[in-house]
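Here is a protein with a bound ligand, and the questions below ask how the words used to describe such a model are earned.

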Amino acid sequence: MTHDAGPSAGSVLAELRALQAGDLPTHGGRTLAYVYDSGLAEADSLGREALAMFASSNGLDPTAFPSLQRMENDLVALAGSWLDAPPGFAGVVSSGGTESILLAVLAAREEAPDVADPSMVLPSSAHAAFLKAAAYLGVRAVVVDVDPHTLRADPAAVADAVDDSTVLVVASAPSYAHGVLDPVAEVATVAAARGIRCHVDACIGGWVLPHLDDVPPWTFAVPGVTSISVDLHKYAYTPKGVSLLLHRDAALRRGHLFASADWPGYTMLNSTLQSTKSGGPLAAAWAVTRHIGAEGYARLAHAARAATLELADAAGATDGLRVVAAPDSTLLALATDGSCDVFTIADEMLARGWFVQPQMAFGALPPTLHLTLSAATAPSVPEFVSALREAVAAARTAGPVAVDPGLGGMLAGLDPTALDDAAFAGLLAAAGLAGGDGGIALPARMAPVNALLDACPPRLREALLVGVLDRLSRPTGTAAGPAPSET
Ligand SMILES: *Cc1c(COP(=O)(O)O)cnc(C)c1O
């Protein structure tokens with residue numbers, strides 16, 4: 001007897017494929033943010049198989065699923081060997097970089113109970129996940145400028161910002177926005193001198209930098225570094241949902257281990273924010289890292305690094321473009337000379353089948369394009385470069401995208417703390433973004449929208465984007481969302 005009254009599995013899969021057709025491609029090396037492609041088909045299929053095998057296993061209880069604890073311990077050990085972890089180190093597998101960072105901040109806060117108003121010192125290039133941690137965990141973010149030329153953390157500025165309330169100091173290896181490595185040794189020295197923890201955010205670089213030559217020290221080999229985050233769902237080329245947080249000493253982890261016996265159910269015992277935790281991403285990471293191995297990762301790292309340098313050279317030699325900072329790893333930020341704008345270039349690249357990620361102006365820095373180079377992009381760098389040259393030429397012909405003066409005026413008068421539904425609806429209509437039933441219709445070309453957002457002060461941009469998210473994420477078929485037949 002069959003109980004499944006819905007469409008057949010085959011037709012549901014066809015629906016999924018149709019939905020996915022509207023997404024950016026995850027493989028092929030033409031999406032230079034969000035996704036990572038090793039170009040190794042066998043590693044990919046192994047990852048998918050392991051993901052499926054353990055998708056229903058639950059990391060909630062290591063005694064019920066000992067396989068998951070074993071795989072977690074194996075991954076932590078592997079990372080420890082690459083990151084020069086000393087005897088006595090410990091770590092956890094989390095769901096992503098943001099969770100690893102939240103846990104590092106939480107542990108620092110919990111282990112400083114005498115500090116009434118805890119704070120952390122962040123170079124302005126630190127990932128926004130730390131600002132999220134500040135907002136969620138009540139740890140004040142003290143943000144200090146980076147060096148205006150190198151865009152690296154300024155250890156003297158960090159030292160000046162540290163005070164009795166500081167529970168954590170942060171350095172990036174490398175920074176997401178500009179791809180440069182902070183002077184980890186100097187920053188960690190500042191922290192160690194005051195007995196403060198120092199977290200190295202190697203979420204994006206942690207699986208690449210160990211394989212590159214001439215990288216300044218940034219691992220646990222640096223005295224004073226107390227924790228490091230590394231995302232496996234980035235350059236370990238494993239399916240999404242896995243990151244590692246390593247602590248120099250197991251005792252430093254205590255602040256994010258949680259147990260509760262104060263309820264009638266099982267005694268809650270967690271090492272991360274998640275409680276029920278799929279074994280899928282962990283098993284996939286375990287399988288893929290074993291299969292690719294140290295030599296494989298070294299080859300992939302060198303391929304992505306060579307591609308980054310080749311692309312940086314070509315971009316720097318393109319009229320209208322400049323490389324914002326010499327790349328220390330496999331990330332690149334590009335700016336224009338003012339003859340055109342990065343938002344139009346991004347649209348022109350998308351029209352040519354390449355995704356590059358716009359980054360808005362920040363402080364004295366102009367808007368930029370962010371490029372994360374996967375190993376799979378390496379063979380097509382020449383193709384990317386010719387598309388980029390065409391895209392820049394087209395953007396120069398069009399000239400910098402202008403913000404509609406009427407809209408600009410409307411925005412200038414807005415108070416981000418008082419952006420109600422009516423004001424937001426009026427804005428959407430004026431910007432030509434109003435969809436049916438109060439929803440949002442995103443245009444094919446995003447440059448005018450991005451230029452408008454770029455012109456907004458940060459608080460207003462945040463309020464506008466929260467408004468957008470609020471309207472995009474509504475139940476299908478209700479006022480603000482598209483009906484299934486429209487998708
Ligand atoms: C990606 C990234 C993060 C956040 O990781 P998620 O997996 O997106 O949560 C934090 N720091 C750096 C440097 C990153 O590149």
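Helices (H or I, at least four residues) and strands (E, at least two) are DSSP runs, numbered from the N terminus. This is a predicted model, in which local features need pLDDT of at least 70, side-chain atom pairs count only at pLDDT 80 or more, and totals for chains, interfaces and linings use all residues. Residues are numbered from 1 along each chain as its sequence is written, and side-chain values use heavy atoms, with hydrogens and water left out.

Q: Which helix gives the most to the shell around the ligand?
A: Helix 4, residues 97-110, gives the most, with three residues.

Q: What makes the pair between Asp201 and the ligand a polar contact?
A: A polar contact is a pair of N or O atoms within 3.5 Å; within protein, one must be able to donate a hydrogen and the other to accept it, and residues adjacent in sequence count only if both atoms are side-chain atoms. A polar side-chain atom of Asp201 lies 2.6 Å from a nitrogen atom of the ligand, so the pair falls within the cut-off.

Q: Which atoms of Gly97 and His233 pair with the ligand?
A: Gly97 places a polar backbone atom 2.9 Å from an oxygen atom of the ligand, whereas His233 uses a polar side-chain atom, 2.9 Å from an oxygen atom of the ligand.

Q: Why is Leu13 called partly exposed?
A: Buried means under 20% relative accessible area, exposed over 50%, and partly exposed in between (1.4 Å probe, protein chains only). Leu13, found in helix 1 (residues 9-20), has a relative accessible area of 43%, and is therefore partly exposed.
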